[in-house]
Amino acid sequence: MKEKSFADQTALITGGATGIGRSFTETLLEKGFGNVVIASRRKEVIDEATNELNQKYGGERVHSFAFDLREKEQTENLVEFCLDKFGAVDVLINNSGLAVPETVLELTDDGWDKVLDINLRGAMWLTKMLLPKMFEQDFGDIVNVSSQAGKNGYADVPSYCVSKYGLLGFAESVRDDVRKRNANVRVFNFCPGLVDVETPLDKKPRDGFIHVKNMAKTLAFSLSLDRNVILEDINIYSR
Ligand SMILES: NC(=O)c1ccc[n+]([C@@H]2O[C@H](COP(=O)([O-])OP(=O)(O)OC[C@H]3O[C@@H](n4cnc5c(N)ncnc54)[C@H](OP(=O)(O)O)[C@@H]3O)[C@@H](O)[C@H]2O)c1
């Protein structure tokens, strides 16, 4: 199976400037990734993260792209930017996501659409747009950030649960497509419980949370496995 060193790989991380996405960005830079594109709506946030991380890790390897995952044209522009500049995206991390807390009796069409558009349809768009190149080069990884809310229902966030269950269902279909083509493309799903993205690295996380550094370690471990290893859903939560 085709192999590529991390130095020859480009990753695209949606929401890669904050929280879990930021820890993913940092671990890929530590592991020597050639290029990491971080993309989300707030230009000032991704630009600032890009400057900080390029200074910290060296090599101008981080690139920012402002876009809204709810807008198809902007998402197409992001894909075009990545393919024009780097030739391919080797690792797509569908990390952008949010919850609108509305119980089943409180659900609004706006809240429902927002959650489903960002958490599910946006991930589908990027996967659909980037998979052809992965198939063509016979190399690629897709990492979806689902949730324990993709495995269990919670009364306060039904739309979020639907989006995260849906992401896992979509990933199963992509895996089946990959299997049928015998393609060298892996699909990992993270299903985290509560993740503490605020506590500094050397401090204990809040009760009931895992420290975000464990997400980063698990990503680095997953991507480093031999290409023939199937690792699928990663349930990761605090005891
Ligand atoms: N933290 C947890 O306990 C936990 C647990 C399970 C799963 N998760 C999942 O982990 C992922 C990351 O969450 P986080 O906790 O790290 O929170 P976060 O820091 O708020 O990350 C969410 C990211 O999504 C981006 N985003 C939101 N709307 C967007 C849009 N329309 N277009 C493009 N990007 C958009 C945000 O950037 P902009 O505002 O700049 O657009 C932000 O960088 C989410 O999918 C979340 O559901 C989190």
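Helix α2, formed by residues 43-57, contains 15 residues and reaches 21 Å from its first C-alpha to its last, close to the 21 Å expected at 1.5 Å a residue. The buried residues Ile-46, Ala-49, Thr-50 and Leu-53 of α2 cover an arc of only 105 degrees around the axis, which puts them on the same side of the helix. An α-helix has 3.6 residues a turn, so residues three or four places apart point the same way. The other side of α2 carries Glu-44, Asn-51 and Gln-55, which are exposed. Among the elements that cover the buried residues of α2 are α1 (19-30), β2 (35-40) and β3 (62-66). All of this is read from a predicted model.

Helix α3, residues 72-86, can be described in a parallel way. Its 15 residues should span 21 Å at 1.5 Å a residue, and the end C-alpha atoms are 21 Å apart, which agrees. Thr-75, Leu-78, Val-79 and Cys-82 are the buried residues of α3, and because they cover an arc of only 95 degrees around the axis, they lie on the same side of α3. The face turned away from that buried side carries the exposed residues Glu-73, Glu-80, Asp-84 and Lys-85. The cover over the buried residues of α3 includes β1 (10-14), β2, β3 and α4.

Backbone geometry after these helices, and in two loops, deserves a separate look. Most residues other than glycine have a negative phi, and most peptide bonds are trans. The table gathers the residues with a positive phi that are discussed here.

| Residue | Place | Phi |
|---|---|---|
| Gly-58 | just after α2 | about 75 degrees |
| Gly-87 | following α3 | near 85 degrees |
| Glu-60 | loop between α2 and β3 | near 45 degrees |
| Asn-182 | loop between α5 (158-181) and β6 (185-192) | near 55 degrees |

For Glu-60, the positive phi belongs to a residue other than glycine, and the residue counts as exposed because it has 10 C-beta neighbours inside 10 Å. Asn-182, likewise a residue other than glycine with a positive phi, is exposed, with 8 other C-beta atoms within 10 Å.

The interior of the model can be approached through its nonpolar core. The largest such core has 57 residues, and those with the most contacts inside it are Ala-11, Leu-12, Val-36, Ile-38, Ala-39, Leu-92 and Ile-93. Helix α4, residues 109-137, contributes the largest share of this core, with 8 residues. Once neighbours within four places in sequence are left aside, Ala-11 is in contact with Leu-28, Phe-33, Val-36, Asp-90, Val-91 and Ile-93.

Asp-90 also appears among the contacts of Gly-140, which, with neighbours within four places in sequence again left aside, is in contact with Asp-90, Met-134 and Val-185. Gly-140 is found in strand β5, residues 140-145, and counts as buried because it has 25 C-beta neighbours inside 10 Å, where 20 or more are required. Gly-140 and Leu-130 are 10 residues apart in sequence, and their C-alpha atoms are 9.4 Å apart in space.

Val-100 offers another setting, in the loop between β4 (91-94) and α4. With 18 C-beta neighbours inside 10 Å, Val-100 counts as partly exposed. Leaving aside neighbours within four places in sequence, Val-100 is in contact with Gly-111, Lys-114, Val-115 and Ser-159. Ala-49, one of the buried residues of α2, is 51 residues from Val-100 in sequence and 26 Å from it in space, C-alpha to C-alpha.

The surroundings of the ligand complete the description. The ligand is surrounded by 25 residues, of which the closest are Gly-15, Gly-19, Ser-40, Arg-41 and Gly-97. Helix α1, part of the cover over the buried residues of α2, gives the most to the shell around the ligand, with 3 residues. Sorted by class, this shell has 11 nonpolar, 10 polar and 4 charged residues.

Technical notes: Residues numbered from 1 in each chain as written. Predicted model: local features only at pLDDT ≥ 70, side-chain atom pairs only at ≥ 80, totals over all residues. Helix = DSSP H or I, 4+ residues; strand = E, 2+ residues; numbered from the N terminus. Expected span 1.5 Å × (residues − 1). Buried ≥ 20, exposed ≤ 12 C-beta atoms within 10 Å, placed from the backbone. Arc of directions from axis to C-beta. Contact = placed C-beta atoms within 7 Å. Core = buried A, V, L, I, M, F, W, Y, C linked by C-beta atoms within 7 Å. Near = placed C-beta within 6 Å. Nonpolar A, V, L, I, M, F, W, Y, C, P; charged D, E, K, R; others polar.
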